[in-house]
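Please load the model in a viewer and keep a selection panel at hand. The stops below go from the whole chain to a cavity and then to a set of strands.

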Amino acid sequence: MGGDDLGDDDADYLNVSVQEDDDGALVTAKDHSAAIQDEKESSTTNDNKKRQLNGDHDKEAPDATTKKSKKSHNVLLETSRHLLTLQREEQALFLSTALQHYTQLRGNNDNNNEEESDIPKLPSPTRWAHFLVQPKESNTTFLDRLLSVMSKKRLKKQARNSTQQGHPSIVIICQSARRAVALLQECAPLGVKAAKLFPKQATVAQQATELQSTSVGLAVGTPHRLLALLDTGALQLSAAQLIVLDAAPCPPKHYTVCTLPDTAPDCMQLLAQHVLPALQRQGKQLKLAFL
């Protein structure tokens with residue numbers, strides 16, 4: 001999972017649909033399934049009664065979910081395309097819902113494999129909102145949005161004072177090597193040493209060696225590679241002050257790093273197993289942002 005493919009619309013991660021209730025809130029598939037089942041049973045009963053009155057006892061009742069599924073849309077995918085314009089509470093709800101999808105899928109897989117799940121308990125959307133910071137303007141460049149949540153002076157000072165190798169001040173999570181290169185070029189005016197953590201740049205072992213021998217202020221990478229380096233301990237979040245989720249939808253299908261089937265599972269695992277514990281451990285010293 002390098003993040004360079006556009007993925008498949010039928011991938012498992014997006015098969016767990018999210019829909020809106022009557023109040024416009026996000027409803028997960030687990031919560032929605034009971035209502036679907038009730039509607040299915042009710043519709044089947046009514047159809048069977050009609051067939052009995054018409055003398056048609058042999059035809060099987062149609063699946064009541066077929067018609068509804070055509071009308072339903074994936075709110076999770078659609079919401080991700082507008083993350084930069086959403087309020088912090090809405091971003092928190094999206095993040096909470098996306099992680100819930102991941103944990104449901106992981107839970108099902110763990111049950112099938114008869115292995116104990118290593119997924120930590122997830123915070124509520126309200127708690128996620130406390131971790132999030134937002135740029136002042138959403139319709140600006142990535143660098144402008146970054147500097148609106150962490151000043152250039154503060155970033156340079158933090159990078160200058162950092163003596164620990166592999167402990168960046170900012171970690172940017174993006175969906176592909178191509179996008180990582182673009183963001184590195186945009187962040188070049190910061191004048192901060194950056195770690196390039198994506199598959200096409202070097203191997204995991206080479207990047208681990210570089211991190212263990214170099215102090216960096218900025219790390220930019222894809223979820224799978226960042227996850228691998230965090231798992232080995234070569235990359236650490238203990239000195240990080242900002243974790244960035246790249247919110248730019250990538251054409252032609254306009255996936256983001258949180259919804260692209262090729263990167264979303266690794267992104268959610270990265271958030272659940274490394275970013276969330278760091279946020280809880282470091283308190284106000286570390287923030288999360290969609291930029």
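What follows is a list of selections, each with what is found there.

This is a predicted model, in which local features need pLDDT of at least 70 and side-chain atom pairs count only at pLDDT 80 or more, while totals for chains, interfaces and linings use all residues. Residues are numbered from 1 along each chain as its sequence is written, and side-chain values use heavy atoms, with hydrogens and water left out.

**Whole chain.** Select the protein chain and colour by secondary structure: twelve helices and seven strands appear. These are DSSP runs numbered from the N terminus, helices being H or I of at least four residues and strands E of at least two. Of the 291 residues, 45% are buried; buried means under 20% relative accessible area, exposed over 50% and partly exposed in between, with a 1.4 Å probe and protein chains only. The chain exposes about 14900 Å², and 46% of this comes from carbon and sulfur atoms (Shrake-Rupley method, 1.4 Å probe). Among contacts (heavy atoms within 4.5 Å) between residues at least 6 apart in sequence, 73% join residues at least 24 apart.

**The cavity.** Next, select Val171, Ile173, Leu226, Leu230, Leu237, Ile243, Leu270 and Val275, which line the largest cavity. A cavity is a set of points on a 1 Å grid over the protein atoms alone where a 1.4 Å probe fits but cannot get out, and lining residues have an atom within 4 Å of a point. The count is one cavity of 30 Å³ or more, and the volume of the largest is about 40 Å³, taken as the space filled by probe spheres set on the points. What kinds of residue form the lining? Eight are nonpolar, with no polar and no charged residues; Ala, Val, Leu, Ile, Met, Phe, Trp, Tyr, Cys and Pro count as nonpolar. Strand S3 (170-173), helix H11 (223-232) and helix H12 (264-282) each supply at least two lining residues.

**Strand S5.** Move to residues 218-221. Both faces of S5 are covered: Leu218 and Val220 on one side, and Ala219 and Gly221 on the other, are all buried. S5 pairs with S3 in the parallel sense over four bridges; two strands pair if DSSP finds at least two bridges between them. In this pairing Ile173, also a cavity-lining residue, stands opposite Gly221.

**Strand S4.** Add residues 194-197, which pair with S5 in the parallel sense over four bridges. Ala195 stands opposite Ala219, and Lys196 opposite Val220. Which side chains of S4 are buried? Ala195 and Leu197 point to one face and are buried, whereas Ala194 and Lys196 point to the other and are not.

Terms used. 1 Å grid on protein atoms, 1.4 Å probe; cavity = no way out; pocket = protein on both sides within 12 Å on 5 of 7 lines; lining within 4 Å.
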